Amino acid sequence: MNERPKVTCNETRTIRSDFVFSRDLNDKDTYYGGNIMAHFDSAGGGASFKFLKNASFTATVDVMTFVSPVHKTEEIYVESYVSGAGKSSVEAFTKMIATDLKTNQSRVVAYAFLTYVLENRNNPDFVMPELVPESEEEIAICQDYQKRRQLNLEKRKDNKAIEAAISTKPIWKKH
């Protein structure tokens, strides 16, 4: 049996940064939420790959919380790390920080938990690493992983009924 490797949250950390320009703004002159989601998925996927050392795909966005808007002339900083691991899936915690370039003040603007599933779940040689949180934030985030995972498994069961009810026919072809 393969020994289970230990991987720290920090070893999975993925960081992105960018400046906010006029082209990135919505009709309210704030950073478009879809861009935030794209940053989160990319950063979370990177963290997942660093942890698994294997390809994975985005299964769910479990929680996406928008805290405050991002404005033009701010810099955004996106950070993601693995915050929990099951048998064939990992959860990545991702946060976005905005910094006002004039005042140098920073604030949390959004955070999310996303689940990524190992692409090749049938590989008998794969051993899910053990996650080791180190910082105060990592410990606080990781300690509730099992609770979040249980809620997600319950939601998945509920979603089966929704998925069964979703029509694939365009509304104009109903009759």
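## A salt-bridge network in a predicted model

Arg 13, Glu 79 and Glu 138 are joined to one another in a network of salt bridges. The coordinates in which this network appears are those of a predicted model, and the count of salt bridges comes to seven.

Within the network, Glu 79 and Arg 13 form a salt bridge whose closest N and O atoms are 2.3 Å apart. This pair links distant parts of the chain, since Glu 79 belongs to strand S4 and Arg 13 to the loop between helix H1 (9-12) and S2, with 66 residues separating them. Both partners, Glu 79 and Arg 13, are buried.

## Overall architecture

The chain contains four helices and seven strands, and from the N terminus on these elements follow one another in the order β-α-β-α-β-β-β-β-β-α-α. Along its principal axes, the C-alpha trace spans about 60 × 55 × 25 Å.

Of the 175 residues of the chain, 36% count as buried, and the surface that the chain exposes amounts to about 11,000 Å², with carbon and sulfur atoms supplying 53% of that area. Among contacts with a separation of 6 or more, 75% are made by residues that stand 24 or more positions apart.

## The five-stranded sheet

Five strands make up an open sheet in the order S2-S4-S5-S6-S3, with antiparallel pairing. Strands S2 and S3 (56-66) stand at the edges and have a single partner strand each, so one side of each is left without a neighbour in the sheet. Neighbouring strands of this sheet are turned against each other by 20 degrees on average, when direction is ignored.

The pairing of S4 (residues 74-85) with S5 (residues 89-100) is antiparallel and extends over 11 bridges, and the two strands form a hairpin with three residues between them. Along this pairing, Tyr 77 has Ile 97 of S5 as its bridge partner, while Ile 76 stands opposite Ala 98, also in S5. S4 pairs with S2 as well, again in the antiparallel sense, over six bridges; here Ile 15 stands opposite Glu 79 of S4, and Glu 79 is the residue that forms the salt bridge with Arg 13.

How far is S4 enclosed by the rest of the structure? Strand S4 is largely enclosed, because 10 of its 12 residues are buried.

## Helices against the sheet

Helix H4 (residues 145-165) lies across S3, S4, S5 and strand S6 (106-118), and runs at about 85 degrees to S4. A salt bridge also connects this helix with the sheet: the side chains of Glu 91 and Arg 148 meet with a distance of 2.7 Å from N to O. Glu 91 lies in strand S5 and Arg 148 in helix H4, so that the pair links parts of the chain that are 57 residues apart. Glu 91 is buried, as is Arg 148.

Strand S5 takes part in a further salt bridge, formed by Glu 137 and Lys 95, with the closest N and O atoms 2.8 Å apart. Here the link runs between distant parts of the chain, from Glu 137 in helix H3 (residues 136-142) to Lys 95 in strand S5, across 42 residues. Which of these two partners is buried, and which is partly exposed? Glu 137 is partly exposed, because its relative accessible area is 30%, which falls between the limits of 20% and 50%. Lys 95 counts as buried because its relative accessibility is 13%, a value under the 20% limit.

## A nonpolar patch at the surface

Phe 19, Phe 21 and Leu 101 together make a nonpolar surface patch of about 270 Å². Phe 19 is placed in strand S2 (residues 14-19), one of the strands that stand at the edges of the sheet. With a relative accessibility of 40%, Phe 19 counts as partly exposed.

Key. Residues numbered from 1 in each chain as written. Predicted model: local features only at pLDDT ≥ 70, side-chain atom pairs only at ≥ 80, totals over all residues. Heavy atoms only, no water. Patch = residues over 30% accessible without salt bridge, like charges linked within 9 Å, V, L, I, M, F, W, Y side chains within 5 Å. Areas by Shrake-Rupley, 256 points an atom, 1.4 Å probe, with all protein chains shown as cover. Salt bridge = Lys/Arg side-chain N within 4 Å of Asp/Glu carboxyl O. Buried < 20%, exposed > 50% of the residue type's maximum accessible area, 1.4 Å probe, protein only. Pairing = 2+ DSSP bridges. Axes fitted to C-alpha atoms, helices over the stretch in contact; angles between N-to-C directions. Contact = heavy atoms within 4.5 Å.
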